[in-house]
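Work through the exercises below with the sequence and the coordinates at hand. Each task is followed by a solution in steps.

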Protein chains: 2
Amino acid sequence: MALISPSRRLRRTPFSDGVERAGVKAYTVYNRMLLPTMFDSMAADCAHLKSHVQVWDVACERQISVKGPDANRLMALLTPRDLSKMADDQCYYVPMVDQYGGMLNDPVAVKHSDDHYWISIADSDLRLWVKGVVAGFGLDVDVSEPDVSPLAVQGPKADDLMARVFGEDVRSIRFFRYKRLSFQGKTLLVARSGFSKQGGFEIYVDGGEIGMSLWDALFAAGADLNVRAGGPNLIERVESGLLSYGNDMTDQNTPFDCGLGKFVSSNADYIGRSALERVAERGAEFALCPIEILGEPIGVCDRAWPIMGGSSKVGQVTSAVWSPDANCNVAIGMVRTGDAVASSNIEINTHHGPRIGQIRDAFWK
Amino acid sequence: MALISPSRRLRRTPFSDGVERAGVKAYTVYNRMLLPTMFDSMAADCAHLKSHVQVWDVACERQISVKGPDANRLMALLTPRDLSKMADDQCYYVPMVDQYGGMLNDPVAVKHSDDHYWISIADSDLRLWVKGVVAGFGLDVDVSEPDVSPLAVQGPKADDLMARVFGEDVRSIRFFRYKRLSFQGKTLLVARSGFSKQGGFEIYVDGGEIGMSLWDALFAAGADLNVRAGGPNLIERVESGLLSYGNDMTDQNTPFDCGLGKFVSSNADYIGRSALERVAERGAEFALCPIEILGEPIGVCDRAWPIMGGSSKVGQVTSAVWSPDANCNVAIGMVRTGDAVASSNIEINTHHGPRIGQIRDAFWK
């Protein structure tokens, strides 16, 4: 692994001082912002996440604020998912596609009201797309990136830690719902969500100046819960089947390729509708699936690994890592539909050499 | 400095194998792609660049291909710069702004013909903006990211090295013009351009499969020229006053703030026109300037450093580094216009402690 060159362009977050103090070892860059990836080792971080509680600097999940009389109309243009029943305290996973039906991002929309949403984004400058659509359609919506930085609290003890800092009310927040709770006199939106399947919350820290106060309060309150700094963990993510935009899907994929067809439900005239209708008619080109890669622990998957069916490529692996708990290499890949590979061994051309893999029916967790 | 976590999302390039073989020490991430930043030390890399010739993997300067009958109309919407006199073999520096007049990117447009351009981008997903504008205005233009990866050859011996690989024709390419030249039977666009002031070329490598052949050919041909792998060098960049989008300017700045007012020249009804006309009328809010920071060599500028005028902030430093040749800390910053700081010492609150700075009339080179 090489070093990462610091610059203003790779933005720090309101929690970076805490992250450094906790001894961060590695970062990735996500939405042109530093995202801590490792504090001990990937395996040790994963084991801790599954047993205790972690605080994650996920400020890189930037918010796009869309606000104005046309906000509802804009949101209906932006996603193939039906938003008509979305409540004011609700978070929706909303795949967004371009005019060709290709995935531009898979954000979470947070509804404040009919004329105000936040779009909490995965790794692409979706704000530019939204601004372009607003300019082109001449909509009356203000688009901006507010000073809002999510901080995630994840792990089986997350409810206990959060209750100590935000009060017992946090326990009754339902999955993908939020409440407005108070911290040091400031009201923050707290949702039951996060990029792990260990349970927990995301706090939308509105105003970077309170970032370190909140960070310190969580660590002070959680000492006996063995709270630690963490981040989205590759092992836990792949075991759980959580997709990563830019890794497991790009704008070359439709939602159907990604197993997200159930989110193509809107009756509105959204952008990409005719492209997606054509795909729906002829069927998806690829199927995203969990794959076990046989043999010894495998090195990092830093590029797409072709999946071969004889001499032709029938798919690719895009995330892979050794899982101590599953006692195998866990992976995510896409396989061309119609190729009869599902029940048999597949050959994967990793850049570490060829390996045999097996497509599974379900993720590990 | 921490490590960088490899993943498919941080894309490798057609030249990554060569970069690794050359012993890359550090990367930054640029357009979600790996950009090598250091091979020896920043100072040694800089000294070599000024004396010899370097090959830079700048594949991260991704191309947006815009192609179709409305390409000219689209380009006129996208930039405040007048493109009406642009020739078919010409490259134009084209700041692009949103509807608020804020800088979205400062790419180089490469004109193929009236219905086909490449936009060679700085660090933001400008493709999403372009696609959004196309969708909203209903233009007949296809927008894509082709498999084109620039490779830069920079330094005083660049002409000699390039002539050995592409023939003597390269010597007559004028600044910001290009020729189509042959390499191993393939025709590649070669422009006299690049992100240094040491002279040189950018080769638009069309088709990743020939990337390493070209890399190897350049190193084989340049052994006696002391050719080495390099990358955009922070010291040389700041000395030369080359701006970096995301560092020295963001979408919070207009072209006027950035000293790019001369590129606001279009008579077309481009996006952001009314916002920029308002700015032109009242004058720019900031002025971008070279700043010498006094005292010992200063640490990295990984966040904006406030420039203070008494107790109030009057600007910020966004790039800074020790220059062995200038024998001082060279920096780029923006200062609020109208504040009478230009002739006197200014106080800079670096995160390493306060420093005194002096605004200069010109960059160092």
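The exercises cover the chain contact, the domains, the sheets and some single residues.

This is a predicted model, in which local features need pLDDT of at least 70, side-chain atom pairs count only at pLDDT 80 or more, and totals for chains, interfaces and linings use all residues. Residues are numbered from 1 along each chain as its sequence is written, while chains are lettered from A and ligands numbered from 1 in the order in which they are written.

**Exercise 1. The chain contact**

Task: Find how many residues chain A and chain B each bring to the contact, and which element of chain A supplies the largest share.

Solution:
- Step 1. Two residues are in contact if their C-beta atoms, placed from the backbone, lie within 7 Å. Chain A contributes 46 residues, and chain B contributes 46 residues.
- Step 2. Helices (H or I, at least four residues) and strands (E, at least two) are DSSP runs, numbered from the N terminus. On the side of chain A that touches chain B, at least two residues each come from strand 1 (3-4), strand 2 (26-30), strand 3 (33-38) and helix 4 (126-137).
- Step 3. Helix 4 of chain A gives the largest share of that side, 10 residues.
- Step 4. Sort the side of chain A by class: 23 residues are nonpolar, 12 polar and 11 charged. Here Ala, Val, Leu, Ile, Met, Phe, Trp, Tyr, Cys and Pro count as nonpolar, Asp, Glu, Lys and Arg as charged, and the others, Gly among them, as polar.
- Step 5. Look for pairing across the chains, where two strands pair if DSSP finds at least two bridges between them. Strand 1 of chain A pairs with strand 2 (residues 26-30) of chain B in the parallel sense, over 2 bridges. A:I4 has B:Y27 as its bridge partner there.

**Exercise 2. Domains of chain A**

Task: State which domains chain A is divided into and how many residues join domain 1 of chain A to domain 2 of chain A.

Solution:
- Step 1. The domain bounds come from an automatic or database domain assignment. Chain A has domain 1 (16-62 + 147-238), domain 2 (63-130) and domain 3 (243-359).
- Step 2. Between the C-alpha centres of domain 1 and domain 2 of chain A the distance is 23 Å.
- Step 3. In the contact, 11 residues of domain 1 of chain A meet 9 residues of domain 2 of chain A.
- Step 4. The side of domain 1 that touches domain 2 in chain A holds 6 nonpolar, 2 polar and 3 charged residues.

**Exercise 3. An open sheet and a closed barrel**

Task: Give the strand order of the open sheet of 5 strands in chain A and of the closed barrel of 6 strands in chain B.

Solution:
- Step 1. The open sheet has the order 6-9-10-5-11 in chain A, with antiparallel pairing.
- Step 2. Strand 6 (91-93) and strand 11 (142-144) of chain A are the edge strands, each pairing on one side only.
- Step 3. Within the sheet, strand 5 (residues 63-67) and strand 10 (residues 116-120) of chain A run antiparallel and share 5 bridges. A:V66 has A:Y117 as its bridge partner in strand 10 of chain A.
- Step 4. The barrel runs 17-20-19-18-21-22 in chain B, again with antiparallel pairing.
- Step 5. Strand 21 (residues 345-350) and strand 22 (residues 353-359) of chain B are joined by 6 bridges and run antiparallel. B:I348 stands opposite B:R355 in strand 22 of chain B.

**Exercise 4. Buried or exposed**

Task: Is A:M75 buried or exposed, and why is B:V321 classed as it is?

Solution:
- Step 1. A residue is buried if 20 or more other C-beta atoms lie within 10 Å of its own, exposed if 12 or fewer, and partly exposed in between; the C-beta atoms are placed from the backbone.
- Step 2. A:M75 lies in helix 3 (residues 71-78) of chain A. A:M75 is buried because 25 other C-beta atoms lie within 10 Å.
- Step 3. Not counting residues up to four places away in sequence, A:M75 touches A:L83, A:A109 and A:Y117.
- Step 4. B:V321 belongs to strand 19 (residues 312-323) of chain B. B:V321 counts as buried because it has 24 C-beta neighbours inside 10 Å.
- Step 5. B:V321 and B:V238 are 83 residues apart along the chain, with their C-alpha atoms separated by 7.8 Å.
- Step 6. Helix 8 (residues 273-282) of chain B has 1 buried residue of 10, so helix 8 lies largely in the open.
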